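Me: I'm new to this one and want to know what the labels rest on. Can we go through it piece by piece?

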There are 2 protein chains.
Amino acid sequence: MRLENASKNPNEPERRPSRVAIDRVRPEVDGGRFPIKRVVGEEVEVSADIFADGHDVLCAVLLHRPESASRWTEVPMVELGNDRWRASFQVAAQGHHLYTLQAWIDPFQSWRRDLQKRVEAGQETAVDILVGADLIAQAAVRASGAEVDELAECAKALRRDSKSNLPGAVSLALDNRIAALAAKHADRSTGSLYERELRVVVDREKARFSAWYEIFPRSASPEPGRPGTLQDVVARLPYVAGMGFDILYLPPIHPIGCAHRKGKNNVTSPDDGDVGSPWAIGSREGGHKAIHPELGTFEDFHALVEAARGHGLEIALDIAYQCSPDHPWVKEHPEWFRIRPDGSVQYAENPPKKYQDIVPINFDTDDWRALWEELKSVVLFWIGHGVRIFRVDNPHTKPFAFWEWLIAEVKREFPDVLFLSEAFTRPNVMYELAKRGFTQSYTYFAWRNTHWDLTQYFRELTRTDVGEFFRPNLWPNTPDILTEYLQFGGRPAFMARLVLAATLGASYGIYGPAFELCENKPLRPSSEEYLDSEKYEIRHWDINRPDSLRDFIARVNRIRRENVALQSNARLEFHPVDNDQLLVYSKTSEDGGSTVLVVVNLNPYQRHSGWIELSPESFGVPAQQAFQVHELLTGARYFWQGPRNYVDLDPAIAPAQIFRVRRHVRTERDFDYFL
Amino acid sequence: MRLENASKNPNEPERRPSRVAIDRVRPEVDGGRFPIKRVVGEEVEVSADIFADGHDVLCAVLLHRPESASRWTEVPMVELGNDRWRASFQVAAQGHHLYTLQAWIDPFQSWRRDLQKRVEAGQETAVDILVGADLIAQAAVRASGAEVDELAECAKALRRDSKSNLPGAVSLALDNRIAALAAKHADRSTGSLYERELRVVVDREKARFSAWYEIFPRSASPEPGRPGTLQDVVARLPYVAGMGFDILYLPPIHPIGCAHRKGKNNVTSPDDGDVGSPWAIGSREGGHKAIHPELGTFEDFHALVEAARGHGLEIALDIAYQCSPDHPWVKEHPEWFRIRPDGSVQYAENPPKKYQDIVPINFDTDDWRALWEELKSVVLFWIGHGVRIFRVDNPHTKPFAFWEWLIAEVKREFPDVLFLSEAFTRPNVMYELAKRGFTQSYTYFAWRNTHWDLTQYFRELTRTDVGEFFRPNLWPNTPDILTEYLQFGGRPAFMARLVLAATLGASYGIYGPAFELCENKPLRPSSEEYLDSEKYEIRHWDINRPDSLRDFIARVNRIRRENVALQSNARLEFHPVDNDQLLVYSKTSEDGGSTVLVVVNLNPYQRHSGWIELSPESFGVPAQQAFQVHELLTGARYFWQGPRNYVDLDPAIAPAQIFRVRRHVRTERDFDYFL
């Protein structure tokens, strides 16, 4: 097999292949198939194994650009040892940002390194100077402007001085300015460009840091007996904003179907006055682009969006792609549903269970293009009405490819739109939805209650590649989830879970007022459904009850806003403690400048104390120097010292403590006369 | 953006994308960029995450074929839980074998599963039977031959009986034969084919299981004072084969250069009679395709290859792509070397160190195609003279792409050729060379002496993806490496390192007779070079010395041959022991049928004992049943029971024990009358 005979030989390279390998690039999700996620202003730290045969000096740069820019920006990479290289860049604007790597062998730098060694060893260097002169002359050919002459002059001087003035030649050859010029005009043509361009989806800050509050508008009336409206939600805004939330999420506000409507507590035989589930979307009064007449008008909706903005709140709507049998689509587009041989429309079921008030959309339809467009138009419709955040119901029962298309389409035009995935299913499926584009995701948090469970799960979410694409949003409760921990743990359980959600997760949410009022009665024993669930009836909540957690929640949300360390999950660390009923963790701000330490007593029934192990140096505190920890819920201040410190938490008083670590404690050495 | 307008929208799929995701396929090296390695007859177990939205039943198959075959063979995959699927295939012949995965949603199986649930719940099923009839009728359209009619008949019968004979229809619908036919003719058109075809390089068995012996032919003479020849090597064959080795590796046998020849102990001023380093290849008498006249002729070489075969030995040659300044290439192809500005040829150096007896090849030459071809022709030349195994000197100083090309080219024509990479450098570079095609690789084994070091390193080599492409070959010594452990540990150190190499590694080698004669004098303190190294002079070895390890080595090699568990690294496991001076590990055969347990006292000076922890169940021994361990070096048999057992090793007697675990120990329950 001859090398010349290229067409016949699949092994044969057409030009001399690069000697440089670029491998194990991080971050990179599934070989670059999916983007990583960041918010505006964040750093992307990129590292890779970069190496070649032999012992030549390598150079590497990180290349990055907004997708819309035509030119790459270069950042030199630094070698960390053992072939690992690193550099980072900041993402400045919403949208897509690209990055890749380039590396090459630099003969000039190799030569310069060797020359230094030869000089130090007192070896003869005249011929080496000539070698260097050739390399500099080659750099001159690649240079432009005044630098051509500067390099050419240098090469000439080296050739001349190699005979007559060797010390002068050596010092010119090792000159930093020449090294910089030669590096600038290095020959990269035989180097390697990483084979993939990797992608960052850049969102606004709320994608990372958000506090959600879920409320059923029809239960928002201040008067028992009168159904709530969007106007009542407006009146409720000061209450929600007062607790410090920034997203107000409403379950579907569309007309509710009548066919097979469920009664209170999900019974199949409703009473006359039963209001049905908001997720049974669509009636003669309209579908996903209509508002339930009893809630109000589009005018009311616009007023709500506006008023919410005035309180620092954004309205998030529910996107539930499913229909009541009365939905207009069922008549207008029967081809989007499964029609059974008896002519009926296939309702939702999980045999032998039947959900006859819901008909699922058939994504396997041959008319899928029109269907996808219509579903997209729903999102665009509400964007047109001022909504920028969507909580998506059960996305794991619709095709991954559909979500990838929908979210990309919407965000291309509206990069500030955020999608929260409500998928409670197997980890692969939840992660896949995040990879395909969801901004945030519900998690298993509600069911993680022990030291081991929480530690393992949050290490997986924050210390592995998962953290690059999956942004957890932690909900201690939802209208579907009243955990046993909350059912049996009383008020301390609600407080502990609130603190865990709000401090383990930069994004979290609660379903209220059930949460702050510590509603904990299940439909029946071992069920996670609420008794008298708002999903099927209108509830009246006494939000001014004195035992409400509203002030506690307000304090926790204020702590979140005032402590940048709690606004990201990037630097979450768990600390050892000698009592597994306690959970101890810290978050540190990206710049390392501030640290918040949280201690939670996971046992809502009993007082627990323990010795926790810290490494004060990691907070910037010298090893044996005392430091102050400021407990932000109570305002108490403690002095700690060294790696072991004592904590004691009585759930009847407070099941959690949130400490701000204050570095400096004055000592006598701070006085002038000590110096 | 309309879906119809395909050309303008990069997000828009052309056909309805598959709902099935195939992810985290194992084994897969660097996203399929590099092949995995197996030997003929081995299994390839393939697993992957395979999942879709919703709750439909999935089917998946593993597809595989020899590269030369045009059709895939299908193996059904089995779900292991949590979306993980698995199947395996066997590779039957040398060369390349391909594999990939296919998965699809099977509506018939989903329907059948649901029908079963409905029937169990006593629900009405008449309409469901009609749904199934439609699915079976669709399968009939995809079927061929008699199966068309069989399926069509079934659909017809179901439709008929759904009204008149529902129990009969249900039992026909759930019939296994129908399920098998429907599965066989499932609609895969909307499924997913994994995006990559993955590759296996299949070698002959020696790639995995080999025992190497290195010898300098010029030191093989039985008479002191007379230089050894290839004929002397023939006479030495019974000795080497008698120790149980199967590969005899010779350092370069080519003419040795005179220019800057090194003297004894690597001095730069040789004496007249000094013979030079075999790695300073090339003189007026020829280069890489010539034999040093003092060693013999090509006839002698052919005789050696033949005689070796008769003793069950293969000859391995050294491929060292470097030249003495006298090599014919230097004159004929100056363009393949670096010429300095003073006209001299650049010799090898690592500034300030100089190696003037060697000139390196310049792989950056513009004439690289001709160079690569010439270097390939060297390998083909020796293949033409009966050699199939090459030990490659310092491959890490030549471009990765060159090796990938060379090895692929050679193995395409000669798939039985094996290449051993002699790269002692950073892990990334060693692994890259293995990925690019080297069959086996030298390792850091020589410097791994403690419990922690050995455990960590061999877990990395055998329990991670590294095991898919990197086949370790363990050498306790080489002509370049006389470790401090051997220098100071005496005979027990040699015995311990021999057992470690031969049982931790399915492939290993020694440099003899230095090894079996326990040669341990270094050039100077803290050097790893041998004093009076054979690299620079001829040595005479008294191979019949009574303190030789030859019989011990023969016993260890016999144990390797008789115990299939030691012939692979796939199932190496380390076991806890309460004394870190001891190392305890086991290897189990691929079929799980036999286990060998090795205990080594790593301290060559002191007797050590300890309690080891095993899980007898993992060897197939019931938890509390006694089992026999048969020590294969001494023939002693011990009875052990349960997870904790005692060992005691005196290095002065034997620093290692190799146990064959015998499952069955007779008890009174084995007698008939006990039943």
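Reply: Sure, starting with what's tucked away: in helix 1 of chain B, Phe108(B), Ser110(B), Trp111(B), Arg112(B), Asp114(B), Leu115(B) and Arg118(B) are buried. This is a predicted model, where local features need pLDDT of at least 70, side-chain atom pairs count only at pLDDT 80 or more, and totals for chains, interfaces and linings use all residues. Residues are numbered from 1 along each chain as its sequence is written, chains are lettered from A and ligands numbered from 1 in the order in which they are written, and side-chain values use heavy atoms, leaving out hydrogens and water.

Me: Why are residues such as Trp111(B) called buried?

Reply: Buried means under 20% relative accessible area (exposed is over 50%, partly exposed in between; 1.4 Å probe, protein chains only), and Trp111(B) is listed as buried. The cover includes strand 15 (348–350) of chain A, plus helix 2 (126–142), helix 4 (166–173) and helix 5 (176–184) of chain B.

Me: What makes the span of helix 1 of chain B close to the expected one?

Reply: The expected span is 1.5 Å times one less than the number of residues. Helix 1 (residues 107–120) has 14 residues and reaches 20 Å from first C-alpha to last, close to the 20 Å expected.

Me: How do you know that strand 1 and strand 3 of chain B pair?

Reply: Two strands pair if DSSP finds at least two bridges between them. Here 5 bridges join strand 1 to strand 3 (residues 43–52), running antiparallel, so by the at-least-two rule they pair. One bridge partner is Ala52(B), matched with Val20(B).

Methods:
Helix = DSSP H or I, 4+ residues; strand = E, 2+ residues; numbered from the N terminus. Contact = heavy atoms within 4.5 Å.
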